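Grab a coffee and work through a few exercises on one protein chain. Try each task before you read its solution.

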Amino acid sequence: MKIMGIDPGIAIVGYGVLHRQGNRLKAVEYGSIQTEAGLATATRLKQIYDACGELFQKHRPDVVAIEKLFFNRNVTTAFTVGQARGVIMLAAEEAGVPITEYTPLQVKMAVVGYGQAEKRQVQEMVRMLLSLPEIPKPDDVADALAIAICEGHSSMFVNRLRQGGWKR
């Protein structure tokens, strides 16, 4: 199974592609889509949409996991992140890739086992779980990999339930 995790943003969109075989997760590719601050929002959204479409074509993931919008104090930022999420989801839908969504709390629970984990703890666990030589940068990339790990763990759990649970 190939999983793509995406951490949406207007300036930086983090992405991470994992291959899940059984209960093992392996990083295939990870990186970021970056847009220039001085450009019109519509132009930046088009760049994100086009880049995501190319990633979906290149990797053909079985699922795209995306972070749910977490409303912060800056309403303007929340709106632009919401717009970026929308074009990413549209690109996934057009590519025929199912979409799952996770809250930051769900991601932290899946990766660290503690919903109030610090960002650095999540990043270090991503590095360890995927046997990476260092924490991926920028932070949005590590976040995208954490979202993909969350999907990997969640889908593994759902598949086991569908197959009649765990064997003891």
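Here come five exercises with worked solutions, all on a predicted model.

**Exercise 1. Find where the annotated residue E67 sits and list what it touches beyond its sequence neighbours.**

Start with the record: the unreviewed UniProt entry has a "binding site" feature at E67. Such annotations may be inferred rather than shown by experiment, so keep that in mind. Next, place the residue on the fold: E67 belongs to strand 4, which spans residues 63-67. Now look for contacts, skipping anything within four places in sequence. That leaves I6, D7, P8, R85, Y102, P104 and I147 as partners of E67.

**Exercise 2. Work out which elements build the largest nonpolar core, and which residues touch the most other members.**

Begin with the members: this core has 21 residues, and I6, I33, I48 and F56 touch the most others in it. Then ask where the residues come from. Strand 1 (2-7), strand 2 (12-21), helix 1 (41-59), strand 4 and helix 2 (75-94) each give two or more. Helix 1 supplies the largest share, with six residues.

Now zoom in on I48. Away from its neighbours within four places in sequence, I48 contacts G9, I10, V13, I33, T35, A84, V87 and I88. Don't stop there, though: a second, separate core holds 20 residues, among them V111, L132, L145 and I149.

**Exercise 3. Decide whether the buried residues of helix 4 share one side of the helix or are spread around it.**

First, pick out the buried residues: in helix 4 (residues 119-129) these include V122, Q123 and V126. Second, check their directions around the axis. V122, Q123 and V126 cover an arc of only 100 degrees, so they lie on the same side of helix 4. The general rule helps here: an α-helix has 3.6 residues a turn, so residues three or four places apart point the same way. While you're at this end, look just past helix 4: S131 has a positive phi of about 50 degrees.

**Exercise 4. Sort three salt bridges by where their partners lie and how exposed they are.**

The whole structure has six salt bridges; we'll take three of them.

- *D50 and K46.* The closest N and O atoms are 2.8 Å apart. Both residues are in helix 1, four residues apart, or about one turn. D50 is partly exposed at 31% relative accessibility, and K46 is partly exposed at 48%.
- *K119 and D143.* Here the N to O distance is 2.9 Å. This pair links distant parts of the chain, with K119 in helix 4 and D143 in helix 5 (residues 139-162), 24 residues apart. K119 is partly exposed at 42% relative accessible area, whereas D143 is buried at 16%.
- *D139 and K137.* These side chains meet at 3.6 Å, N to O. D139 is partly exposed, with a relative accessible area of 30%, while K137 is exposed at 55%.

**Exercise 5. How many disulfides does the structure have, and are C52 and C150 buried or exposed?**

Recall what you'd be looking for: a disulfide is a covalent bond between the sulfur atoms of two cysteines. A search of the whole structure turns up zero. Then check accessibility, where buried means under 20%. C52 has a relative accessible area of 1%, so it counts as buried. C150 comes in at 2%, so C150 is buried too.

Conventions
Residues numbered from 1 in each chain as written. Predicted model: local features only at pLDDT ≥ 70, side-chain atom pairs only at ≥ 80, totals over all residues. Heavy atoms only, no water. Contact = heavy atoms within 4.5 Å. Disulfide = S-S within 2.5 Å. Buried < 20%, exposed > 50% of the residue type's maximum accessible area, 1.4 Å probe, protein only. Core = buried A, V, L, I, M, F, W, Y, C linked by side-chain atoms within 4.5 Å. Arc of directions from axis to C-beta. Salt bridge = Lys/Arg side-chain N within 4 Å of Asp/Glu carboxyl O.
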